[in-house]
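Please open the model in your viewer and keep the selection panel at hand. The stops below go from one chain, across the contact, to the other chain.

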Amino acid sequence: MAEEITRELTMSRAMVEAIAGEMRADDEVFYMGEDVADYGGIFDSTEGLREEFGYDRVMDVPISETAYLGAAVGAAQEGMRPIAELMFVDFFGVAMDQIYNQMAKNTYMSGGNVSVPMVLTAAVGGTYNDAAQHSQTLYGTFAHMPGMKVVVPSTAYEAKGLMHNAIRDDDPVVYLFHKRLMGIGWLPAPDGPKTPVPETDYTIPFGSADVKHAGEDVTIVTLGLHVHRALEAAESLAEDGIGAEVIDLRSLVPLDTDTIVESVEKTGTLVVVDEDYRSYGVTGEIVASVADEAVGALDSVERVALPDVPIPYARSLENEVVADAGDIEAAVRRTQ
Amino acid sequence: MVALTELTEMYADMVTARHYEERLQEEYLEGKQPAFDISAGPIPGELHLAAGHEAAGAGVCQHLRDDDTVTAPHRPHHVAIAKGVDLKRMTAEIFGRETGLGKGKGGHMHLFDPDVSFACSGIIAEGCPPAAGAGLAAKKRNTDSVAVAYLGEGAIDQGAFLESLNFAAVHDLPVVFVIEDNDWAISMPKERVTDLEDGSKRADGFDMPGRRVDVDDAVAVYDAAREAVGRARDQNGPTLLEIQVHRRMGHFMGDPESYRPEADQAAAAQRDSIERLADDLRAAGTDDAELEDLRAEAEARVEEAIEWAKDQPKPDPAAAHEDMWVNPPSGVTDSEPDFDLAGGED
């Protein structure tokens, strides 16, 4: 008999609860980032941690991403379990060398003799008109380079379980949380990410996609914010008798191809939705992965992603490029 | 005064490193002649040899323990030898063999020996932030271990270095940054890229002690490093050292050095820190026969490592797919518990 859970948390509270739990259990876990101590994280990713754990374990750092992300690599290689936060994922460019050439590669280059048990957290996503340098998700950028596990929670339940697993994992994990889902007062979340969350510790294994809505006619594969937009589309499609199965990837690396293929073999139709650029990215990769394993099952395919333009500022322009439920619904209807 | 045993240990490290580079040069060029072909021969890839840098390796590492972390750049062998990296497995790695430090996946710019806390990497100044992180770990754990980041003089304009100086300074980390100044960043002489003759002055902007060792002299390096490492070990914060060394070979093997005046090359060849240390040892009572024995032992050790390495198996091609993860995704054995999430979307 499964335990019934009724306590609901926002995604940020669930993420912080997991970090706090791991910090209580292990003195070697610490958090580094810009404005993570007194401010509690611009997107509430560390709210309350400094009060419990102090400045040594919840460290504000200089605006110096190369130094502190690289320092996290160094501390992790010493066996500590640092969590280092990029305030916006868009800032990765100033520290790309440490991420791509050290964090991601040192285990392989050492023949498995060195481990880098760190978590890189970063806020991702748009929908609030922050324009081209503060709105990206860059899912594909991180998933492309071998050596990083990449996870993306869509709800409070996922946020906690994925974070517990991320901190405990002996490999580097990139944990990308969508700003719009965090439940911040000044950035209201849609219905959906605030979920019941068990008070006990639990882990969500990487590479286990979750079927968030069952359906027989079309498979919608997505992640992050667009899980909720796809669920909204699925409700609308159901009114017309179209059964959409919505799969929340939860992790990009490793990718749970089995769950996707199983669904596509049932529906014959694949619609991939994400908030990253269309070309050379997540949507293309998912379609190719399904084609590799079950090309015969694919009757119809649609991709819904950012067109290949930087994310524009004005509301009408951003809304044009970031898919909403209506765009997803339209893509599904094109396949029917 | 440096104890005779320490002078002798440094001398052994330095003659080992020099002979190692000379022998690697021979092995490397074998098969890459007459017209230089970098993709041919028994040692794959690029090779950056450190002949002329030995004093910087031995003089600093003489103060270090196995648990003190060192990050070195693309020219790492002399530091690795002074730090006590396993010579046979390092050599096997350079030859691209299965029993190498990285199973043939890293190569000579990416050597990792966790047993003695050594790593090197191929991108300029890239090792500085991880060294700061090792210092941060030591501080958090309240141990007295220290970290040392080596870099070339061509790296002192790189952001990773400057950011690391600030990070180490503001957190009072036990880190020593060591600039090996060999005057040349491939073909670029220092004066054309930096308005600073003494790179250790970079420390001034970070309120950190900086000191330049102006002569290629192991004892002078030893003295400067004793103070810097001691300061770090006593939890008094970071130091920046710059050490004048000499590049006796090209930037990489195959470098024609057509940009380098012959007089500069000749000068580098003359000012030899190994001969200088031999003089110090003689002054301390070591006779020529003992010096010859030390050299012979070093040469035998190098020969043994090279012979062993060349005898090691080449990696099975299928191994290219291994070692991506310490915890492979298929090995995630925990499963999601079964909760009844009332109100959830399931």
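**Starting in chain A**

Select residues 9–184 of chain A in this predicted model: over that stretch the chain is 36% helix and 18% strand, and the C-alpha atoms at its two ends are 12 Å apart. An unreviewed UniProt entry annotates residues 9–184 of chain A as "domain: Transketolase-like pyrimidine-binding".

**Two crossing helices**

Next select helix α8 (residues 225–239) and helix α12 (residues 325–335), both of chain A, whose axes come within 8 Å and cross at roughly 55 degrees. Because angles from 65 to 115 degrees count as roughly perpendicular and those under 35 degrees as roughly parallel, α8(A) and α12(A) are described as oblique to each other. The crossing of α8(A) past α12(A) is right-handed. To see the contact itself, show the side chains of A:R229, A:A230, A:E232, A:A233, A:S236 and A:L237 on α8(A), together with A:A325, A:I328, A:E329 and A:V332 on α12(A). Coloured by class, the residues of this contact between α8(A) and α12(A) come out as 6 nonpolar, 1 polar and 3 charged.

**Where the chains meet**

Now bring both chains into view and select the contact between them, to which chain A contributes 56 residues and chain B 46 residues. On the side of chain A that touches chain B, at least two residues each come from β1 (3–5), α3 (65–77), α4 (96–103), α5 (106–109), α7 (156–168), β9 (195–196) and β10 (210–213) of chain A. Which element gives the most to this side of chain A? It is α3(A), with 10 residues. By class, the residues on the side of chain A that touches chain B are 24 nonpolar, 23 polar and 9 charged.

Then zoom in on β1(A), which pairs in the parallel sense, over 3 bridges, with strand β10 (residues 339–341) of chain B. Within that pairing, A:I5 has B:L341 of β10(B) as its bridge partner.

**The sheet of chain B**

Finally, select the open sheet of chain B, in which 7 strands follow the order β2-β3-β1-β4-β5-β9-β8 with mixed pairing. Its edge strands, each paired on one side only, are β2 (112–113) and β8 (210–213) of chain B. From β8(B), 4 bridges lead to the parallel strand β9 (residues 239–244) of chain B, and B:R212 has B:E242 in β9(B) as its bridge partner. Helix α2 (residues 54–61) of chain B packs on the sheet, where it touches β4 (147–152), β5 (175–181) and β9 of chain B, and its direction makes about 160 degrees with that of β5(B). The last selection is helix α7 (residues 218–233) of chain B, which lies across β5, β8 and β9 of chain B and runs at about 170 degrees to β9(B).

Notes:
Residues numbered from 1 in each chain as written. Chains lettered and ligands numbered in written order. Predicted model: local features only at pLDDT ≥ 70, side-chain atom pairs only at ≥ 80, totals over all residues. UniProt positions renumbered as here; feature names shortened; annotations may be inferred. Contact = placed C-beta atoms within 7 Å. Nonpolar A, V, L, I, M, F, W, Y, C, P; charged D, E, K, R; others polar. Pairing = 2+ DSSP bridges. Axes fitted to C-alpha atoms, helices over the stretch in contact; angles between N-to-C directions. Parallel < 35°, antiparallel > 145°, perpendicular 65-115°, else oblique. Left-handed = near helix turned anticlockwise from the far one by under 90°.
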